[in-house]
Structures are given as C-alpha cells and as structure tokens.
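I opened this notebook to record what I looked up in the structure. The entries follow the order in which I made the queries.

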Amino acid sequence: MNPEYNFPDWFSQNIPNFTEIKFNLPNRKDILEIGSFEGRSSTWLLQNFVEPEGTLTCIDTFEGSPEHDQMSLSNIKSNWQHNTELARTDKQVCRLINKKSYEGVAQLIQEGKTFDFIYVDGSHTAPDVLADACMCAGLLRIGGVILFDDYLWPNPRNHRPSTLTDLKTPKPAVNAFATVYAELMQPVISNYQVAFKK
C-alpha cells in the first residue's frame with residue numbers, strides 16, 4: 001500500500017472476492033462503485049481491476065452513514081480525491097458523481113451508461129440497498145457482475161445494537177434482489193459479500 005494514501009483499510013479482506021471476479025470477467029472497461037468513502041476500494045480497483053484505459057465511476061455524498069457517527073467526516077471527499085489521483089494511470093478516468101446513490105444512478109440511466117462491474121457499498125439500510133440493486137440491474141451489461149458488500153453486516157461476532165433492526169442492514173434487500181432477479185442473475189459469490197452475474 002502506498003504510504004501517501006489517506007485512509008483506514010476496511011477493504012483488504014475483500015480482495016479474494018474481487019480477484020475471483022476479475023479472472024472471470026473478461027471486460028473491465030467500465031466500472032461503477034456506489035459508496036467510495038476515502039477511496040480504499042477505489043484505489044484498489046484503479047490499480048488492479050479497471051483496464052488501463054478504463055473508467056471508474058464513483059457515487060458518494062461523502063456524508064457518511066449512521067455507523068460513522070463517531071468519525072470526523074470533514075476530509076472524506078478531499079482524501080478520496082487525493083487517493084484516487086495517486087492511484088489512477090494517465091489513461092484511466094476516475095469520475096465522481098457527488099450525489100445520493102439513487103440520484104447518481106438515475107443520472108447514469110439518463111446518460112445511457114452501462115457497466116461491466118458494479119460494486120454496491122453505499123447505504124446499508126435495506127430500502128436503500130434494494131433501490132440501488134434494482135436501479136443498477138439495468139445498467140449491468142450481459143455477462144457483467146454486481147457485487148454487494150456487507151451482506152452479513154454487522155459482523156455476527158460483534159455486539160449488535162438493539163436499535164439495529166434487519167431493515168437497517170443489506171441482507172433483506174440482497175435476498176429480495178436474488179429472488180426477483182433469479183431468472184436474470186446467477187449467484188457467483190456468497191460469503192460476507194454476495195455477487196451475481198447477468
């Protein structure tokens with residue numbers, strides 16, 4: 001990891017899943033990431049996943065989520081900009097849509113964009129994850145993969161706050177998506193993260 005990067009590492013444990021997808025995904029020219037925070041996953045995608053002349057589109061408000069309520073968020077966006085600029089090559093494009101995910105995805109739908117790979121790691125509430133999933137289904141190219149982070153969040157080994165109901169977690173949304181899109185999406189990964197191939 002480049003010592004000049006500014007971020008905590010909440011991503012490295014997911015690299016085996018991304019690596020498996022990479023070797024089974026021949027085209028990686030257009031990548032969409034929902035939820036970038038300070039850019040740990042963004043930098044890895046730029047350096048290891050996105051094609052040398054490909055584009056990474058990131059959607060984030062940089063306002064954090066309830067689980068970040070003890071963190072200072074004042075430098076999140078500038079850290080993301082710093083980190084992705086360090087990571088990308090001269091011929092790669094790293095595009096930021098600084099909006100809520102449904103607004104950003106709606107913009108991409110309006111622009112007629114499609115993607116080889118979509119990483120959903122924004123809001124963790126079931127309604128938001130389900131909206132992201134369904135809106136992104138049409139943006140995913142045939143043969144493309146959509147990966148959902150934090151399917152088992154919060155970690156079952158950790159204390160679960162009494163206020164954290166199932167509908168404030170991604171799992172019900174991912175399960176609903178799997179059911180509704182069963183004829184269009186084939187599951188390819190299922191652990192802490194879940195992925196489907198179109």
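**Entry 1: helix α3.** I began with burial in α3, where I76, N79, W80, N83, T84 and A87 are buried. I then asked on which side of the helix they lie. These residues cover an arc of only 120° around the axis, which puts them on the same side of α3. I noted the general rule that an α-helix has 3.6 residues a turn, so residues three or four places apart point the same way. The model is predicted, and I read the local features with that in mind.

I next checked the dimensions of α3. The helix runs over residues 76-87, twelve residues in total. From its first C-alpha to its last it reaches 16 Å, close to the 16 Å expected at 1.5 Å a residue. I also looked up what the buried residues of α3 pack against, and found α2 (40-48), β2 (55-59) and β3 (93-97).

**Entry 2: helix α1.** I repeated the query for α1, residues 15-23, and found N17, F18 and I21 buried. Their arc around the axis is only 95°, which puts them on the same side of α1. On the face turned away from that buried side I located the exposed residues P16 and F23. The cover over the buried residues of α1 includes α2, β4, β5, β6 and β7.

**Entry 3: the chain as a whole.** I then turned to the overall layout. I counted six helices and seven strands in the protein chain. Along the sequence they follow the pattern α-β-α-β-α-β-α-β-α-β-α-β-β. Of the 198 residues in the chain, 43% are buried. For contacts between residues at least 6 apart in sequence, I found that 75% join residues at least 24 apart. The accessible surface comes to about 10,100 Å², and carbon and sulfur atoms account for 52% of that surface.

**Entry 4: the β6 and β7 hairpin.** I examined the two strands that end the pattern. Strand β6 (residues 186-190) and strand β7 (residues 194-197) run antiparallel and are joined by four bridges. They form a hairpin with three residues between them. I recorded one bridge pair: P187 is partnered by F196 in β7.

**Entry 5: F196.** Is F196 buried or exposed? With a relative accessibility of 4%, F196 counts as buried, because the threshold for burial is under 20%. I listed its contacts, leaving aside neighbours within four places in sequence; among them are G144, V145, I146, F148, V174, F177, A178 and P187. For the pair F196 and A178, 18 residues apart along the chain, the C-alpha atoms are separated by 8.2 Å.

**Entry 6: the nonpolar cores.** I asked which residues of the largest nonpolar core touch the most other members. In this core of 26 residues they are L32, I118, I146, F148, F177 and F196. Two or more residues each come from β1 (30-34), α4 (101-111), β4 (115-120), α5 (126-137), β5 (140-148), α6 (171-180) and β7. The most come from α5, which gives five residues. I noted the second core, which lies apart from this one and has 23 residues, including L25, L45, L46 and L56. As a general tendency, nonpolar side chains in soluble globular proteins tend to be buried together.

I closed with the contacts of L32. Leaving aside neighbours within four places in sequence, L32 is in contact with T57, I59, L108, F115, F117, I118, Y119, C136 and L139.

Definitions and conventions:
Residues numbered from 1 in each chain as written. Predicted model: local features only at pLDDT ≥ 70, side-chain atom pairs only at ≥ 80, totals over all residues. Heavy atoms only, no water. Pairing = 2+ DSSP bridges. Buried < 20%, exposed > 50% of the residue type's maximum accessible area, 1.4 Å probe, protein only. Contact = heavy atoms within 4.5 Å. Core = buried A, V, L, I, M, F, W, Y, C linked by side-chain atoms within 4.5 Å. Areas by Shrake-Rupley, 256 points an atom, 1.4 Å probe, with all protein chains shown as cover. Expected span 1.5 Å × (residues − 1). Arc of directions from axis to C-beta.
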